[in-house]
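Okay, thanks for squeezing me in. I'd like to walk through a few spots in one structure, so let me put it on the screen.

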Amino acid sequence: MNEIRLFSPATVANVSCGFDVLGFCLDGVGDEMVIRKIEKKGIYITHIEGADLPYDPKSNVAGVSALALYEAIDVDFGFEIEIYKKIKPGSGIGSSAASAVGSVFGMNALLNKPFNTTQLTEFAIKGEALASQCEHADNLAPALFGGFTLVKSVSPLQVLEIPTPDNLFAVILHPQIEIKTAEARAILPRDIPLSDAITQWANFGSLIHALHTSDYDLIKASLRDVIVEPYRSRLIPFYDEVIQAAAQAGALGSGISGSGPSVFTLCEGHAAAKAVAKQIEAVYRNSDIAFDIHVSKINTQGIKVIG
Ligand code: HSE
């Protein structure tokens, strides 16, 4: 096999109370990438569609992660990368992570899988760091492992796979404005009050327990963020209205997806998710901001080969 086509999924990082450590994988929303083995040594980005991104591999997220893997092997051939971006950069649903994991997942497959998923995440972190100027893996891990993942530590990298309740669906509102992750990180406080930390880790622990036990009421009670949301929500137009509309329509809870502007909502069941999407849409329809809404089952497979 010399060529592989991939679906590289969008992801939701943070999940309210799990800043920088928790994430989950979406279905149906993601980039496509083609990775090809070629005779000439090196990494080459030969085609990009859907976004204005650099072709120089050292300046491109997919290229940087590919170079990290390439430096770890000793081969007399190279790789070409084609990127078909469907996830807008700066949308908050893991656009850079999808690019970063696509190249390394595809190369690993063409090399007959010398690296495990944790090692692939380590290569991909190098690409993600180019985009967000910090090494975090809360989008990369769910894109590669699927489902919910908890990044226990970045160095050394340790990823825990958290079970996904069967009937859990996500609604993603993507207002089409751009928020750069690096800027959304820069507005966060360096120090936080102990009382907020206590609330946050209580919610985080109970969310993890709720996911293990498929306890939807406890998921609902745990989806709160008292640390990051107060700062970042100001960047998202009609944020409070969206959260309120989702809650009234029966959502388990909502929050900022990654660094925004996308907003995620978790729901029990597809019908509930569709009802929530309708109410959220009503909030944005009267604004002059273009937006997309996706209803997605949690994708427990993660990145996959499509050809
Ligand atoms: N945890 C990161 C942040 C995710 O919120 O800054 C960025 O997508």
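Let's begin with strand β2, residues 22–38, which pairs with β4 in the antiparallel sense over seven bridges. Keep in mind that this is a predicted model. One place to look at in that pairing is Ile-38, which stands opposite Gly-78 in β4. β4 also pairs with β3, in the parallel sense, again over seven bridges. There, Ile-48 stands opposite Ile-83 in β4.

So how many of the seven residues of β4 are buried? Seven of the seven, across residues 78–84, so the strand is largely enclosed by the rest of the structure. As a reminder, in a regular strand the side chains alternate between the two faces of the sheet. In β4 both faces are covered: Gly-78, Glu-80, Glu-82 and Tyr-84 are buried on one side, and Phe-79, Ile-81 and Ile-83 are buried on the other.

Now over to β3, residues 42–49, where we find Glu-49. Is Glu-49 buried, exposed or partly exposed? Its relative accessibility is 42%, so it counts as partly exposed. Leaving out residues up to four places away in sequence, Glu-49 touches Ile-83, Tyr-84 and Lys-85. Ile-83 is 34 residues from Glu-49 along the chain, yet their C-alpha atoms are separated by 6.3 Å. The side chain of Glu-49 also has a polar contact with that of His-47, at 2.7 Å.

Next up is another acid, Asp-138, in the loop between α3 (117–132) and α4 (140–145). This one is buried and has no salt bridge. Which side chain of opposite charge is nearest to Asp-138? That's Arg-185, 6.1 Å away, and a salt bridge would need to be within 4 Å. What Asp-138 does have is a side-chain polar contact with His-136 at 2.7 Å, and its side chain also reaches the backbone nitrogen of Asp-20 at 3.3 Å. Beyond its neighbours within four places in sequence, the contacts of Asp-138 include Ala-13, Asn-14, Leu-22 and Val-151.

Last stop, another sheet. Four strands form an open, antiparallel sheet in the order β8-β9-β7-β10. The edges are β8 (253–256) and β10 (291–297), each pairing on one side only. From one strand to the next, the twist averages 20 degrees. Inside that order, six bridges join β7 (residues 168–175) and β9 (residues 263–268). If you want a pair to click on, Phe-169 has Cys-267 in β9 as its bridge partner.

That's my tour, thanks.

Definitions and conventions
Residues numbered from 1 in each chain as written. Predicted model: local features only at pLDDT ≥ 70, side-chain atom pairs only at ≥ 80, totals over all residues. Heavy atoms only, no water. Helix = DSSP H or I, 4+ residues; strand = E, 2+ residues; numbered from the N terminus. Buried < 20%, exposed > 50% of the residue type's maximum accessible area, 1.4 Å probe, protein only. Lys, Arg positive; Asp, Glu negative; His and termini not counted. Polar contact = N/O pair within 3.5 Å; in protein donor to acceptor, adjacent residues only side chain to side chain. Contact = heavy atoms within 4.5 Å. Pairing = 2+ DSSP bridges. Axes fitted to C-alpha atoms, helices over the stretch in contact; angles between N-to-C directions.
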